[in-house]
Amino acid sequence: MVKSMTGFGRGEHSDGKRRVVCEVKAVNHRYADISIRMPRRYSFAEERVKNVVKVIAKRGKVEVSIVVEHITEDDIDIKLNEMAARQYYENLTELKSRFSLAGEVSLELLASLPDVMKMMPDVAGEEEICSALEAGARLAVENLDIMRVAEGEKLAEDILARGKLIKGLVWKIEALAPEVYTMYYGKLKERIKELTENSITVPEDRIAAEAAIYADKSNITEELVRLKSHVGQLEFTIKKSNQPDGKKLDFLAQEMNREANTIGAKANNLDITNMMLEIKSEIEKIREQIQNIE
């Protein structure tokens with residue numbers, strides 16, 4: 001099954017204490033690159049959320065965003081950072097004395113300063129929180145996967161159609177290739193007549209030998225066989241494999257392009273050259289589509 005690397009998924013989960021909203025966005029990437037955005041106080045759950053994503057998203061740049069809405073306050077614990085409060089108080093008192101400032105260092109002022117009061121998750125409920133975050137992430141990634149599968153099916157259809165077109169052109173080239181010898185043989189005879197003005201008779205076997213040497217240099221049978229084999233492997237992988245095969249498909253497309261370049265360079269025939277240009281164009285389109293496959 002071919003999957004696209006791009007897609008979006010959203011999942012919501014509530015356990016009675018909190019509602020977890022998770023959104024997952026994925027784009028193309030050479031490797032698996034997963035980043036998590038979530039409240040800092042739940043950072044202890046980040047690796048477990050990442051593992052949930054890895055089960056489905058094997059490749060691609062995946063951005064996970066998690067928002068937690070509290071239905072109750074059971075999992076929240078407000079902590080006083082006494083050391084921070086004391087340092088704030090001492091520094092503000094010294095500042096007031098040094099510059100002869102009016103006013104008092106009040107409770108309201110201290111409580112409003114950063115890190116004096118911290119909202120912390122209930123440590124005893126960490127497992128429960130992790131389970132809730134994992135559940136939300138799992139729903140989001142499953143929805144992401146639905147989109148990636150749907151888009152992958154369209155990519156597969158397009159690639160298979162182009163592969164069929166390439167095979168059709170290869171069959172035409174195979175039928176035309178044997179004529180290269182005959183065409184060159186006739187052109188060589190005509191060229192000899194023009195140059196010698198029929199004043200010299202060149203033995204037919206000599207002309208045939210030259211034509212045979214040319215035909216051997218222009219032989220593209222092996223390249224055509226390999227090209228057909230690569231197209232066949234490409235089709236088989238797309239139809240049968242259940243693994244993330246984007247890298248394998250990309251390798252096959254590169255090999256197809258290499259064989260096409262060799263055929264184009266060796267086959268000194270205008271019709272074959274034109275068909276090879278079509279094949280190369282289709283291979284390039286296949287390679288572009290494969291860049292989106294997981």
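This is a short chat about salt bridges and one sheet in a predicted model.

Reader: How many salt bridges in the whole structure?

Author: A search of the whole predicted model turns up 26 salt bridges.

Reader: Start with E128. Which residue does E128 form a salt bridge with?

Author: K17. The closest N and O atoms of E128 and K17 are 3.2 Å apart. E128 lies in helix 4, residues 126–176, and K17 in the loop between strand 1 (7–14) and strand 2 (18–27), so the pair ties together parts 111 residues apart in sequence.

Reader: And E128 itself, what's the relative accessible area?

Author: 35%, so E128 is partly exposed. K17 also counts as partly exposed, at 26% relative accessibility.

Reader: Next, R48. What's the salt bridge partner there, and what's the N and O separation?

Author: The partner of R48 is E134, with the closest N and O atoms 3.1 Å apart. This pair also links distant parts of the chain. R48 sits in helix 1 (residues 46–56) and E134 in helix 4, 86 residues apart.

Reader: E134: buried or exposed?

Author: Buried, at 15% relative accessibility. R48 counts as partly exposed, at 28%.

Reader: Moving on to R226 and E222. How many residues apart are they in helix 7?

Author: 4 residues apart, so about one helical turn separates them. Helix 7 covers residues 221–240. The side chains of R226 and E222 meet in a salt bridge at 3.8 Å, N to O.

Reader: What are their relative accessible areas?

Author: R226 is partly exposed at 34%. E222 is exposed at 53%.

Reader: Which residues join E222 and R226 in one network?

Author: E223, E255, R258 and E259. Salt bridges that share partners join these residues with E222 and R226.

Reader: Now D245. Where is it?

Author: D245 is in the loop between helix 7 and helix 8, the latter being 246–266.

Reader: What's the nearest side chain of opposite charge to D245?

Author: K248, at 5.3 Å. A salt bridge needs a nitrogen and a carboxyl oxygen within 4 Å. D245 has no salt bridge, yet is buried.

Reader: What does D245 touch, leaving out residues up to four places away in sequence?

Author: T237 and E294.

Reader: Change of topic, the sheet. What's the strand order?

Author: The order is 1-2-4-3, in an open sheet of 4 strands with mixed pairing.

Reader: Which strands stand at the edges?

Author: Strand 1 and strand 3 (32–37). Each has a single partner strand, so one side of each is left without a neighbour in the sheet.

Reader: How many degrees are neighbouring strands turned against each other on average?

Author: 15 degrees, direction ignored.

Reader: And strand 1 with strand 2, parallel or antiparallel?

Author: Antiparallel, joined by 8 bridges. In this pairing, G9 stands opposite V24 in strand 2.

Reader: Which strands does helix 1 touch?

Author: Strand 3 and strand 4 (60–70), as helix 1 packs on the sheet. The direction of helix 1 makes about 135 degrees with that of strand 3.

Reader: Back to helix 4. Which strands does it lie across?

Author: Strand 1, strand 2 and strand 4. Helix 4 runs at about 150 degrees to strand 1. It is the helix that holds E128, the salt bridge partner of K17.

Note on methods
Residues numbered from 1 in each chain as written. Predicted model: local features only at pLDDT ≥ 70, side-chain atom pairs only at ≥ 80, totals over all residues. Heavy atoms only, no water. Helix = DSSP H or I, 4+ residues; strand = E, 2+ residues; numbered from the N terminus. Buried < 20%, exposed > 50% of the residue type's maximum accessible area, 1.4 Å probe, protein only. Lys, Arg positive; Asp, Glu negative; His and termini not counted. Contact = heavy atoms within 4.5 Å. Pairing = 2+ DSSP bridges. Axes fitted to C-alpha atoms, helices over the stretch in contact; angles between N-to-C directions.
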